[in-house]
Amino acid sequence: MNNMSLFNKETYETTISIEGMHCDGCVKRVTGALSKIKGVKEVNVSLQEKKAKVVSKKELVPEYIKAVIGDLGFKAVEIK
């Protein structure tokens with residue numbers, strides 16, 4: 001058995017370009033929604049850049065991210 005797998009701390013970083021955010025309330029809503037996704041460790045949303053950076057334990061599904069953002073009334077235009 002390989003014990004190294006127990007200490008694997010690999011993370012994934014996802015950047016999401018978001019249309020429709022216009023205030024700090026928008027940033028809080030997006031941050032809260034993305035933080036609730038299973039496996040997400042950290043979320044940073046920039047109103048000025050209109051982007052969210054997400055650090056997660058596993059790769060995130062783009063369609064799911066688009067749905068989460070869309071449910072808030074915003075549009076995820078690019079996910080990378």
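Thr14 is a buried residue in this predicted model, with a relative accessible area of 10%. Thr14 is found in strand 1. What does Thr14 touch once its neighbours within four places in sequence are left aside? The list runs to Ala52, Lys53, Val54, Leu60, Ile65, Ile79 and Lys80. One of those partners, Val54, stands in strand 3, opposite Val43. Another partner, Ile65, is one of the buried residues of helix 2.

## The overall layout

Stepping back to the whole fold, the protein chain has two helices and four strands. Going along the sequence, they come in the pattern β-α-β-β-α-β. The chain has 80 residues, and 36% of them count as buried. For contacts between residues at least 6 apart in sequence, 61% join residues at least 24 apart. On the outside, the accessible surface adds up to about 5,600 Å², with 50% of that belonging to carbon and sulfur atoms.

## The hairpin

Strand 2 (residues 40-46) pairs with strand 3 (residues 51-56) in the antiparallel sense, and six bridges connect them. Within this pairing, Val43 has Val54 of strand 3 opposite. The hairpin has four residues between its strands. Lys50 lies in that loop and is worth a look if you check backbone torsions. Its phi is near 60°, which is a positive value in a residue other than glycine. As for solvent, Lys50 counts as partly exposed, at 34% relative accessibility.

A glycine turns up with a positive phi as well: Gly73, just after helix 2, sits at about 95°.

## Helix 1

Helix 1 covers residues 24-35, so at 1.5 Å a residue its twelve residues should span 16 Å; the end C-alpha atoms are 16 Å apart, in agreement with that. Which residues of helix 1 are buried? They are Cys26, Val27, Val30, Ala33 and Leu34. Looking down the axis of helix 1, these buried residues fall within an arc of 140°, so they line one face of the helix. The general geometry helps here: an α-helix has 3.6 residues a turn, so residues three or four places apart point the same way. Over on the other side of helix 1, Asp24 and Lys28 are exposed. The cover over the buried residues of helix 1 includes strand 1 (12-19), strand 2, strand 3 and helix 2 (62-71).

## Helix 2 and Val68

Helix 2 has its own buried set, made up of Ile65, Val68 and Ile69. Seen down the axis of helix 2, they fall within an arc of 95°, so they too line one face of the helix. The face turned away from that buried side carries Glu63 and Asp71, which are exposed. Strand 1, helix 1 and strand 4 (75-79) are among the elements that cover the buried residues of helix 2.

Val68 is a handy spot for seeing how the helices meet. This residue belongs to helix 2 and is buried, with a relative accessible area of 13%. Apart from its neighbours within four places in sequence, Val68 is in contact with Ala33, Leu34 and Ile37. Two of those names are familiar, since Ala33 and Leu34 are in the buried set of helix 1. Along the chain, Val68 and Leu34 are 34 residues apart, yet their C-alpha atoms are separated by 7.4 Å.

## The cysteines

How many disulfides does the structure hold? The count is zero. Cys23 is in no disulfide, and the nearest cysteine sulfur, that of Cys26, is 3.6 Å away. Cys26 is likewise in no disulfide, with the sulfur of Cys23 as its nearest cysteine sulfur. Why does that pair not count? A disulfide here needs the two sulfur atoms within 2.5 Å, and these are 3.6 Å apart. Burial separates the two residues as well: Cys23 is partly exposed, with a relative accessible area of 31%, whereas Cys26 counts as buried at 4%.

## Accessibility side by side

Here are the residues from the sections above that come with an accessibility value.

| Residue | Relative accessible area | Class |
|---|---|---|
| Thr14 | 10% | buried |
| Cys23 | 31% | partly exposed |
| Cys26 | 4% | buried |
| Lys50 | 34% | partly exposed |
| Val68 | 13% | buried |

The classes follow from the cut-offs: buried means under 20%, and exposed means over 50%, with partly exposed in between.

How values were computed:
Residues numbered from 1 in each chain as written. Predicted model: local features only at pLDDT ≥ 70, side-chain atom pairs only at ≥ 80, totals over all residues. Heavy atoms only, no water. Pairing = 2+ DSSP bridges. Expected span 1.5 Å × (residues − 1). Buried < 20%, exposed > 50% of the residue type's maximum accessible area, 1.4 Å probe, protein only. Arc of directions from axis to C-beta. Contact = heavy atoms within 4.5 Å. Areas by Shrake-Rupley, 256 points an atom, 1.4 Å probe, with all protein chains shown as cover.
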